[in-house]
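Me: I should like to go through this model by question and answer. Please reason briefly and close each reply on the value or name requested.

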Amino acid sequence: MQPNAQEFDEWKGHPVTEWVFGLVAKFANEQQERWAKMAWESGELSPEAFAEARVRADCYLSLSQSSFDDWKVIDDTES
């Protein structure tokens, strides 16, 4: 079942959804903080570790920043 745009917006605005997305944003910030701490402590700026942390953070943030149309492109089934 694919929700319509109104149902999606209601779900996204629900307090529980907002709470979960707040935690997801926290995870994204933690990726940056972990990389910075690791780089500071080791004295090395690993491009690979940075790329991995960046991809994780971007992935986490994309969940909450995606619109109904973004998700609809992935799931082309009709409701």
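Me: Which residues make the nonpolar surface patch of about 480 Å²?
Reply: The model is a predicted one. A nonpolar patch of about 480 Å² lies on its surface. The residues that make this patch are Val16, Trp19, Val20, Leu23 and Phe27.

Me: Is Phe27 buried, partly exposed or exposed?
Reply: Phe27 belongs to helix α2, which covers residues 15-42. Buried means under 20% relative accessible area and exposed means over 50%, with partly exposed in between. Because its relative accessibility is 42%, Phe27 counts as partly exposed.

Me: Which class of exposure does Val20 have?
Reply: Val20 is also found in helix α2. Its relative accessibility is 37%, and therefore Val20 counts as partly exposed.

Me: What separation do the C-alpha atoms of Val20 and Ser64 have?
Reply: Along the chain, Val20 and Ser64 are 44 residues apart. In space, their C-alpha atoms are separated by 9.1 Å.

Me: How far apart are the end C-alpha atoms of helix α3?
Reply: Helix α3 has 19 residues, 47-65. At 1.5 Å a residue, helix α3 should span 27 Å. The computed distance between its end C-alpha atoms agrees with this expectation, at 26 Å.

Me: Within what arc do the buried residues of α3 fall?
Reply: The buried residues of α3 are Ala53, Ala57 and Ser64. Seen down the axis of α3, they line one face of the helix, because they fall within an arc of 30°.

Me: Against which helices do the buried residues of α3 pack?
Reply: The face of α3 turned away from its buried side carries the exposed residues Pro47, Glu48 and Val55. The buried residues of α3, in turn, pack against α1 (5-12) and α2.

Technical notes: Residues are numbered from 1 along each chain as its sequence is written. This is a predicted model: local features need pLDDT of at least 70, side-chain atom pairs count only at pLDDT 80 or more; totals for chains, interfaces and linings use all residues. Side-chain values use heavy atoms; hydrogens and water are left out. Patches are made of residues with over 30% relative accessible area and no salt bridge: like charges are joined within 9 Å, nonpolar side chains (Val, Leu, Ile, Met, Phe, Trp, Tyr) within 5 Å. Accessible areas come from the Shrake-Rupley method with a 1.4 Å probe; for residues, only the protein chains shown count as cover. A salt bridge is a side-chain nitrogen of Lys or Arg within 4 Å of a carboxyl oxygen of Asp or Glu. Helices (H or I, at least four residues) and strands (E, at least two) are DSSP runs, numbered from the N terminus. Buried means under 20% relative accessible area, exposed over 50%, partly exposed in between (1.4 Å probe, protein chains only). The expected span of a helix is 1.5 Å times one less than its number of residues. The arc is that of the directions from the helix axis to the C-beta atoms. Contact means heavy atoms within 4.5 Å.
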